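Q: Can you walk me through how to read this model, starting with a pocket?
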Amino acid sequence: MPRPISASISVPALRHNLSVVRRHLDQAAQLAGGEAASIWAVIKANAYGHGIERAVSGFSAAQGLAMLDLDEAVRCREAGWGGPILLLEGFFHPADLEIVDRYHLTVTVHDDAQFDMIEAAHLSRRLNIQLKLNSGMNRLGYAPATYAAAHARAEQLQQRGVVGSLTKMTHFATADGPQGIAQAMDIFTRATEGLAGASSVCNSAATLRYPEISVSRDGAPQWVRPGVCLYGATPFSDVAASSYGLRPAMTLSSEIIGVQSVPAGGSVGYGAAFRADRRMRVGVVACGYADGYPRHAPTGTPVTVAGVATRLVGRVSMDMITVDLDPVPDAGIGASVVLWGEGGPSVDEVAQTAGTLGYELMCALAPRVRVQALS
Ligand SMILES: *Cc1c(COP(=O)(O)O)cnc(C)c1O
């Protein structure tokens with residue numbers, strides 16, 4: 001028997017979460033009397049740890065799939081995805097364009113160096129591009145003052161038959177927080193005013209919180225790019241994914257593999273970081289940071305044992321964690337443990353306690369953890 005830790009990935013939950021976002025966008029469009037946005041389902045980083053092929057299956061109703069890695073894009077084609085594929089960082093080297101061309105990928109263009117590579121390439125068909133504006137995040141994208149010139153260069157390439165569709169794109173730095181998107185949206189609107197093409201601006205936070213900005217009112221299509229919410233996790237620190245009706249797609253579970261009766265004053269784990277203030281039963285769980293559990297999760301981090309909510313005690317080690325069994329007196333070796341997901345705490349609760357994000361925990365699921373797909 002393998003070590004008793006596994007992750008289950010629910011393809012129906014992926015499908016459900018996509019339909020939640022779909023309805024959210026449709027309602028916004030109905031309210032505003034415009035056209036609802038199309039969805040790029042973001043599946044970068046191995047679909048946030050859920051597996052590319054499972055994501056292709058779960059998001060088959062999306063209008064497009066978006067990611068960073070060329071090999072993930074190729075895997076989507078090999079898994080039978082014939083729709084649009086967007087490379088969110090574009091391409092990096094001239095040779096990438098051969099694969100972009102062969103697999104008919106849409107690319108983000110954020111710098112003139114990429115236009116130079118496009119002009120030097122021998123493409124067999126028109127290249128669809130999303131031209132990225134830096135609206136204040138100062139990561140990738142053209143500065144507002146240079147955007148119109150870049151757009152003109154793309155239109156010239158369109159006229160020469162090199163570029164196909166041209167979409168105006170930006171990415172928000174503060175859609176999840178109190179600052180919101182007003183300032184970035186203002187920069188985007190002014191920099192792209194009068195320029196032809198569809199728009200692509202919203203991540204999960206903006207899609208959920210500001211769906212009205214994704215409604216098309218002038219006939220130019222709109223795209224949104226939700227990621228984390230499609231996996232049933234939240235982009236917000238103050239709103240749970242469940243409040244939107246989203247369901248966790250990843251459940252990390254394991255079992256109790258040892259039990260200790262710790263006397264009052266006894267310590268647990270490395271560094272003797274936890275001391276029992278009374279006699280207590282401590283369960284040892286087959287799950288550690290080498291499985292992707294966050295090493296910085298402190299005593300008190302929620303965990304569910306045999307269906308009962310309890311807490312982590314002591315330090316997380318490479319292969320094991322220790323949990324308080326006092327709330328579950330009947331739990332012994334073999335008792336089920338849910339670290340996060342269905343039947344346990346949300347990945348966001350665990351992440352927040354550990355000082356990180358659900359995003360990071362899902363992406364960090366270790367290759368040594370067996371994965372079962374629920375279809
Ligand atoms: C990752 C990413 C997204 C999705 O972000 P979420 O917060 O997971 O919704 C959207 N757009 C770009 C450019 C990204 O890199």
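A: Sure, let's start with what lines the second largest pocket: eight nonpolar, seven polar and five charged residues. Here Ala, Val, Leu, Ile, Met, Phe, Trp, Tyr, Cys and Pro count as nonpolar, Asp, Glu, Lys and Arg as charged, and the others, Gly among them, as polar. Keep in mind that this is a predicted model, where local features need pLDDT of at least 70 and side-chain atom pairs pLDDT 80 or more, while totals for chains, interfaces and linings use all residues. Residues are numbered from 1 along each chain as its sequence is written, and side-chain values use heavy atoms, without hydrogens and water.

Q: What is the volume of the second largest pocket, and which residues are closest to its centre?
A: On a 1 Å grid over the protein atoms alone, a pocket is an open set of points with protein on both sides within 12 Å along at least five of seven lines, and lining residues have an atom within 4 Å of a point. This one has a volume of about 320 Å³, the space filled by probe spheres (1.4 Å) set on the points. Of its 20 lining residues, M185, F188, S199, D218 and Q222 are the closest to the centre.

Q: Which element gives the largest share of the lining?
A: Helices (H or I, at least four residues) and strands (E, at least two) are DSSP runs, numbered from the N terminus. Helix 8 gives the largest share, four residues.

Q: How do the strands pair in the barrel?
A: Strands pair if DSSP finds at least two bridges between them. Eight strands close the barrel in the order 2-3-4-5-6-7-8-9, with parallel pairing. Strands 7 (163-170) and 8 (198-202), for instance, share three bridges, and K168 has S199 of strand 8 as its bridge partner.
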